[in-house]
Amino acid sequence: MNVEGIWVYAVIHGVRAQSRVCGLRGVADEPVHVVACDELAAVVGVVNLDEFGQDALRRNLEDLDWVAQKARAHDAVISAVAQSGAVIPVRMATVYLDEGGVQKLLESRRQDFGATLTRLSGRAEVGVKVYADPTRLATPDAGQDDDGSRTGTSYLMRRRRELTSREEAYREAALEADRIHGTLMRYAVDGKRKPPPDRSLSGRDELTVLNGTYLVDSDAVGFFRETVVALGLSTGRLSLETTGPWPPYSFAGEPVAE
Amino acid sequence: MTEVFPAQEDRRIALVDLLDRVLAGGVVISGEVVLSIADVDLVVISLRTLVSSIGSLMSEDEILGGEG
């Protein structure tokens with residue numbers, strides 16, 4: 001029985017491929033190598049199916065510590081390879097039974113991969129999140145008309161005013177986020193808005209009004225981040241945060257900009 | 001049982017951003033693979049795991065009476 005599988009990290013150009021992965025270690029601490037086919041190469045590592053086989057993967061993907069550790073290792077390999085040239089990141093947990101399967105993949109999607117490498121060459125991904133702080137957004141005028149009345153009616157009216165002003169504030173924050181996204185798209189090659197992460201995950205009380213990610217020319221990443229800082233300074237109520245630069249994970253498929 | 005979770009806020013954020021990319025991004029390959037990623041909504045699985053981890057942390061501290 002075959003106990004070893006091939007974990008795929010990325011697809012790169014075949015030129016100098018082996019030297020680009022030399023010395024890297026992967027998700028199983030295995031030495032990373034390449035499977036080449038014509039002008040393409042897949043960055044791969046040999047992993048044990050006891051841990052990375054179908055049943056094991058399904059089980060392990062439910063284990064946060066495992067997922068976190070493997071996600072960091074997967075990203076570390078892709079990020080390292082991205083330092084030396086164009087890279088198509090492959091989604092985490094893509095495992096083949098043998099190198100022949102990987103070779104067939106490179107062969108069957110040769111044109112597709114070639115075009116994607118050209119599109120991603122010399123570019124990186126930058127994430128931009130925009131948060132709205134509910135306490136800074138809402139400007140309740142509750143205390144101002146506090147005439148000492150504590151009746152149910154005055155409480156309800158005050159409460160309604162608070163809610164209305166908060167709703168309006170959120171609406172304005174959302175519009176401002178739209179404008180920020182529009183501005184950033186002008187400085188990016190491509191970009192997309194992702195759903196905001198769950199608030200319990202972001203670890204912040206603020207509302208995420210924009211979870212954008214942008215494909216940017218590598219030599220313009222600094223300028224792009226400065227633009228984000230400038231946009232942040234121009235808005236009093238929202239806070240902006242960048243992540244990355246990342247390998248172009250979110251742009252590895254079809255181009256997304258409309 | 002003490003559950004260990006990255007202490008720093010920024011590390012937790014980084015993990016969310018990372019999973020958002022390595023699990024939801026990257027080119028999807030199907031056919032001949034051990035596990036067809038397209039078949040499994042990995043992000044949901046992982047994020048659910050994250051949520052439940054945080055949830056269980058909170059419940060240990062904040063649970064009122066009950067099974068503790």
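In which strand of chain A is Pro245(A) found? Pro245(A) belongs to strand 9 of chain A, where strands (E, at least two residues) and helices (H or I, at least four) are DSSP runs numbered from the N terminus. A cis peptide bond, with omega of about 5°, joins Gly244(A) to Pro245(A).

This is a predicted model, in which local features need pLDDT of at least 70 and side-chain atom pairs count only at pLDDT 80 or more, while totals for chains, interfaces and linings use all residues. Residues are numbered from 1 along each chain as its sequence is written, chains are lettered from A and ligands numbered from 1 in the order in which they are written, and side-chain values use heavy atoms, with hydrogens and water left out.

**Backbone**

Most residues other than glycine have a negative phi, and most peptide bonds are trans. Two residues of chain A with a positive phi are set out below.

| Residue | Phi | Place in chain A |
|---|---|---|
| Asp29(A) | near 60° | loop between helix 1 and strand 2 (33-37) |
| Asp38(A) | near 55° | loop between strand 2 and strand 3 |

Asp38(A) counts as exposed because its relative accessibility is 53% (exposed means over 50%, buried under 20% and partly exposed in between, with a 1.4 Å probe and protein chains only).

**Nonpolar cores**

A nonpolar core is a set of buried Ala, Val, Leu, Ile, Met, Phe, Trp, Tyr and Cys residues joined through side-chain atoms within 4.5 Å. The largest has 37 residues, and those with the most contacts inside it are Trp7(A), Tyr9(A), Val43(A), Val81(A), Met92(A) and Val22(B). Helix 4 of chain A gives the most to this core, with nine residues. With contact meaning heavy atoms within 4.5 Å, and residues up to four places away in sequence not counted, Trp7(A) touches, among others, Val43(A), Phe52(A), Leu57(A), His74(A) and Met92(A). Apart from the largest core lies another, of 23 residues, including Val8(A), Leu105(A), Leu215(A) and Ile29(B).

**A pocket**

The second largest pocket has a volume of about 270 Å³. On a 1 Å grid over the protein atoms alone, a pocket is an open set of points where a 1.4 Å probe fits, with protein on both sides within 12 Å along at least five of seven lines, and lining residues have an atom within 4 Å of a point; a volume is the space filled by probe spheres set on the points. Of the 16 residues that line this pocket, the closest to its centre are Ala82(A), Gln83(A), Arg123(A), Ala124(A) and Ser218(A). Helix 4 (64-82), strand 6 (123-132) and strand 9 (238-246) of chain A each give two or more residues to the lining.
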